[in-house]
Every structure is written in structure tokens, then in C-alpha cells.
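This report walks through two helix packings, one helix face and three single residues. Keep the structure open while reading.

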Amino acid sequence: MRVIVADHPLIKHKLTYLRDKKTDSPTFRRLAEELMTLLAYEATRDVRVEPKDIETPVAPATGIRLATPKPLIVPILRAGLGMLEGMTRLLPSAEVGFLGMVRNEKTLEPTTYANRLPDDLTDRQVFILDPMLATGGSLAGAIGFLADRGARDITAVCLLAAPEGIERLREATSTVVPQVTLVVGAVDERLNEHGYIVPGLGDAGDRLYGLVD
Ligand code: PRP
Ligand code: URA
């Protein structure tokens, strides 16, 4: 697994405000989108392209355009939805599939409760969006789900990650999808005893959308 930590002062600046518990939901949503757009620049560095012939007002030229099939973006519900707009702003012609996962806050194990994805993901370039990589259970489960449908070219984009989650993801993907790339805004210190990232930003879904019992 390739890990890219997007080390840019603008990303650090926006993450600082995102982490701050005084930041309200509307501001948190805007920052999550903006951070995603900045991370998308790194995450799409290897997006598949094909040549395209054009004519400028001066001369013929050959450029590039996104190849088909178009990339598939998969936000992990709920919190991944907060990153979707920031990604589609850069990749407006991409398709979007949905995967709903929730972590049991006692066992820390995830369950999948919804999916709306193509059955066959062979040869699709897939971008998974989830703001938090904590224990890594949710992202490992999501990658496993997509790999079962044939996906082999997967880039996961997270705002924050814990070292423990990165290691779990590395082990979980090493045999099935060795080509996974993880793009992350920052790698924090550790997980606490409740499975939360420290210092982190708290519960990303709640901060985006409020509490749900
Ligand atoms: C959060 C987050 C990740 C997951 C990370 O989702 O958005 O999906 O936890 O934790 P893990 O790495 O330990 O699996 P949550 O389950 O709280 O659901 P939500 O997005 O609906 O709030
Ligand atoms: N999920 C979150 O939203 N935040 C954490 O710190 C860990 C899991």
C-alpha cells in the first residue's frame, strides 16, 4: 500500500480549524469540502487519461482527457458524504456509487447497511472517500467489498488517520489489492481507549450532520 501524506500549509491551516471544537457544523462542512478538493489534487495524480486531438486557434495539438470507463467515486456514508462535493468539483464527469457503513462504538467493528454500486468493478479506477481512518475496520471492509466486485485500482482519501489504522489497512490489503493508495491530510498520534483518533476532531459524522441515535 502506498501512503501519501499531503503535507501542505493550506491543508494544515484548514485542518486546524476543522479540529477546533468551537467550529460549527456549517463551517465544518465547508472546510471538509475544501480539504477534499486540495487532497483530490494528490489523489488524482495517476487518474487514467487518453490522448485527445484538438485544434487551437493557431495549430493542431494533442492533449489528454479522462479515459473511459470514467472513475468511480465512493463516499462511505455518512461522513464521506461531506467530502463528495469537494471531489466532484475536480472530477465532474466521474460516476458516484454509495456504500453505507457504521462502526459499533463498543466492539469497534463495522457493518455495511447499504450499497448502490455497479456489480462489476473490473478495470474501474475507484476513489473511496472517508474522513476518518481510526482502527481501519471500516476502510478495510469497504476495500474488501469493492475488491469482491473486481476493483483492483483503489485510492482511499481520508482527512485524518491513526498509525494503528494505517497498519491494519496495510495488512488487510496486502494480498488482495496490493495497488491501494492512501492519501491523507495528516497522520495523528494514536487511538484512545474508545477508538477515537487523538488529537483528531471527534466524531466526523456528528460534526457534519449532528447526533443520530
Ligand atoms: C466513522 C468514520 C469512518 C469510521 C472510522 O464513521 O466516518 O467511517 O468511523 O472508524 P474505523 O476506522 O475505526 O472503522 P461512523 O461509523 O461513525 O459512521 P457515520 O459516518 O455514519 O458517522
Ligand atoms: N470515527 C470518527 O468519526 N472519529 C474518530 O476519531 C474515530 C472514528
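## Single residues and helix packing

P118 has a relative accessibility of 28%, so it counts as partly exposed. The model is a predicted one. P118 sits in the loop that joins strand 7 (110–116) to strand 8 (125–129). Leaving out residues up to four places away in sequence, P118 touches L72, R124 and R149. V102 is 16 residues from P118 in sequence. In space, the two are 21 Å apart, C-alpha to C-alpha.

I64 belongs to strand 3 (residues 60–66). Is I64 buried or exposed? Its relative accessible area is 61%, and the cut-off for exposed is over 50%. I64 is therefore exposed. I64 still has contacts beyond its neighbours within four places in sequence: V49, E50, P51 and K52. I54 lies 10 residues from I64 along the chain, and their C-alpha atoms are separated by 9.6 Å.

T181 is part of strand 11. With 6% relative accessibility, T181 counts as buried. The cut-off for buried is under 20%. T181 touches R2, I4, I154, T155 and A156, not counting residues up to four places away in sequence.

The table puts the three residues side by side.

| Residue | Location | Relative accessibility | Class |
|---|---|---|---|
| P118 | loop between strand 7 and strand 8 | 28% | partly exposed |
| I64 | strand 3 | 61% | exposed |
| T181 | strand 11 | 6% | buried |

Now the helices. Two packed helices are described by the angle between their axes and the distance between the axes.

Take helix 1 (residues 9–19) and helix 2 (residues 25–43). They pack at an angle of about 155°, and their axes are 10 Å apart. Angles over 145 degrees count as roughly antiparallel, so helix 1 is roughly antiparallel to helix 2. The crossing of helix 1 and helix 2 is left-handed. Which residues meet there? Helix 1 brings L10, I11, K14, L15, Y17 and L18. Helix 2 brings F28, L31, A32, E34, L35, L38 and L39. By type, the residues of this contact are 11 nonpolar and two charged, with no polar ones.

Next come helix 4 (residues 137–148) and helix 5 (residues 163–173). Their packing angle is about 25°, with 9 Å between the axes. Angles under 35 degrees count as roughly parallel, so helix 4 and helix 5 are roughly parallel to each other. Helix 4 and helix 5 cross in a right-handed sense. From helix 4, the contact uses G137, L139, A140 and I143. From helix 5, it uses R168, L169, A172 and T173. This contact divides into five nonpolar residues, two polar and one charged.

Which residues of helix 5 are buried? They are G165, I166, L169 and T173. Seen down the axis of helix 5, these buried residues fall within an arc of 100°, so they line one face of the helix. L169 and T173 also belong to the contact with helix 4.

What do the buried residues of helix 5 pack against? Helix 4 is one of the elements. The others are strand 1 (2–5), strand 9 (132–133), strand 10 (153–161) and strand 11 (181–187). Strand 11 is also where T181 lies.

Technical notes: Residues numbered from 1 in each chain as written. Chains lettered and ligands numbered in written order. Predicted model: local features only at pLDDT ≥ 70, side-chain atom pairs only at ≥ 80, totals over all residues. Heavy atoms only, no water. Axes fitted to C-alpha atoms, helices over the stretch in contact; angles between N-to-C directions. Helix = DSSP H or I, 4+ residues; strand = E, 2+ residues; numbered from the N terminus. Parallel < 35°, antiparallel > 145°, perpendicular 65-115°, else oblique. Left-handed = near helix turned anticlockwise from the far one by under 90°. Contact = heavy atoms within 4.5 Å. Nonpolar A, V, L, I, M, F, W, Y, C, P; charged D, E, K, R; others polar. Buried < 20%, exposed > 50% of the residue type's maximum accessible area, 1.4 Å probe, protein only. Arc of directions from axis to C-beta.
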